[in-house]
Amino acid sequence: MGVDSGLPDFRGTEGFWRAYPALRNSGVDFSSIASPSTFESAPALAWGFYGHRLALYRRTLPHAGFALLKHWGERMPQGYSVFTSNVDGQFQKAGFDLARIHECHGSIHHLQCLVPCRESVWSAGDFKPAVDDVVCRLTNTAPSCPKCGALARPNIMMFHDTGWVEARTDAQSDRQEAWLALVKRPVVIELGAGTTIPSVRYFSQRVVDELGGSLVRINPYQSGVPAGQGVALAAGASAGLAAIGRALGEGWALPSGRSTRTSLSTRAVRSDEGSKPTRG
Ligand SMILES: [Zn+2]
């Protein structure tokens, strides 16, 4: 989903290094930079990577597909709910209801104590990272825990992560499960969810298995849906959603004159960073 907004695709080690050439030079791959142990051993490097992404996601505008999803979801008799493994906060930025989003791997826009000394999560809003992209290093002061003073880290589930504070994500999950308990025959729109870390695919399959309804799987690489459970579109998220919009016709189009790129006020059911090796 994020790739169509111009965000880097981390698929494969080569893809990751194309986005972060400084890490290629030092032989650091995604699973080693996205690790609490790197925040302990090399905090400037770890925050160089996450600080760069935080700044990038802050300035990225969600693509037009987000507005379509939101518009369709709001017209559903039972509303919508988002399940995403993306940590980039793009659904919030596109105007989706905060109470209807479940970020299963956490959010880069929130921080927690690295220790952690307590089960607390706070906004990263006050942290303005300065990063030397050539060496992928944070050049200003990293955020710290207001309680104990230890280094703070993104509230994202990383690799080999025993210290992730799950409280915020758990609360999101509880709200989503309460909604799911009430809905009948949902349409699950799965966007770019990969099989490497299949959190999103497990979720969409479970919803369809338990509640019926149908699955619309949009994925340029790994489409295909079990017989009788829905349809698959071999396409990127933005192109796939636009194609569905054309098929639905005028009655489901966005109100005219609304610029999806600039209004920012703009899910049906879910998406993801998932065709990449997610987590974050
Ligand atoms: Zn602390």
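These notebook entries record what I looked up in a predicted model.

**Entry 1: the parallel sheet**

I began with an open sheet of three strands, whose order is β8-β9-β10 and whose pairing is parallel. I noted that β8 (187–191) and β10 (230–233) stand at its edges. Each of these has a single partner strand, so one side of each is left without a neighbour in the sheet. I then looked up the twist: on average, neighbouring strands of this sheet are turned by 10 degrees against each other, direction ignored.

I next examined the pairing of β8 with β9 (residues 214–218). The two strands run parallel and are joined by five bridges. Within this pair I found I189 opposite V216 of β9.

I also asked which helix lies across β8, β9 and β10. I found that it is α9 (residues 199–211), which runs at about 165 degrees to β8.

**Entry 2: the antiparallel sheet**

I turned to another open sheet of three strands, with the order β4-β3-β7 and antiparallel pairing. Here I recorded β4 and β7 as the edge strands. Each pairs with a single strand, so one side of each has no neighbour in the sheet.

I took the two pairings of β3 (residues 106–113) in turn. Five bridges connect β3 with β7, and the strands run antiparallel. In this pair I located Q112 opposite R153 of β7. β3 pairs with β4 in the antiparallel sense as well, over two bridges. There I located L111 opposite W122 of β4. As background to these entries, I noted that side chains in a regular strand alternate between the two faces of the sheet.

I then asked how many residues of strand β7 (residues 152–156) are buried. The count is five of the five, so β7 is largely enclosed by the rest of the structure. I set this beside the earlier note that β7 is an edge strand with a single partner.

**Entry 3: helix α6 and its partner α10**

I looked up the length of helix α6 (residues 64–75). The helix has 12 residues and reaches 17 Å from its first C-alpha to its last. I noted that this is close to the 16 Å expected at 1.5 Å a residue.

I then asked whether α6 is mostly covered or mostly uncovered. I found it mostly covered, with nine of its 12 residues buried. The buried residues are A64, G65, F66, A67, L68, L69, K70, W72 and G73.

I followed α6 to helix α10 (residues 237–248). The axes of the two helices come within 8 Å and cross at roughly 45 degrees. An angle counts as oblique when it is neither roughly parallel (under 35 degrees), roughly perpendicular (65 to 115) nor roughly antiparallel (over 145). α6 and α10 are therefore oblique to each other. I recorded the crossing as left-handed. On the α6 side, I listed A64, G65, L68 and L69 as making the contact. On the α10 side, I listed A237, S238, L241, A242 and G245. I noted that A64, G65, L68 and L69 also appear among the buried residues of α6.

**Entry 4: backbone details in loops**

I looked for a cis peptide bond and found one joining V115 and P116, with omega of about -20 degrees. P116 lies in the loop between β3 and β4 (122–123).

I then looked up positive phi values in residues other than glycine. The phi of C136 is near 55 degrees. C136 lies in the loop between β5 (131–132) and β6 (137–138). I asked whether C136 is buried or exposed. C136 counts as buried because 23 C-beta neighbours lie inside 10 Å, where 20 or more are required.

H160 also has a positive phi, of about 50 degrees, although it is not a glycine. I placed H160 in the loop between β7 and α8 (167–180). H160 is exposed, because 10 other C-beta atoms lie within 10 Å and the limit for exposure is 12 or fewer.

**Entry 5: residue T139**

I closed with T139, which lies in the loop between β6 and β7. With 13 C-beta neighbours inside 10 Å, T139 counts as partly exposed. Leaving aside neighbours within four places in sequence, I found T139 in contact with A130, V131 and D132. I also looked up the separation of T139 and Q176. They are 37 residues apart in sequence and 39 Å apart in space, C-alpha to C-alpha.

Methods. Residues are numbered from 1 along each chain as its sequence is written. This is a predicted model: local features need pLDDT of at least 70, side-chain atom pairs count only at pLDDT 80 or more; totals for chains, interfaces and linings use all residues. Two strands pair if DSSP finds at least two bridges between them. Helices (H or I, at least four residues) and strands (E, at least two) are DSSP runs, numbered from the N terminus. Axes are lines fitted to C-alpha atoms, for helices over the stretch in contact, and angles run from 0 to 180 degrees between N-to-C directions. Two residues are in contact if their C-beta atoms, placed from the backbone, lie within 7 Å. The expected span of a helix is 1.5 Å times one less than its number of residues. A crossing is left-handed if the near helix is turned anticlockwise from the far one by less than a right angle, and right-handed if clockwise.
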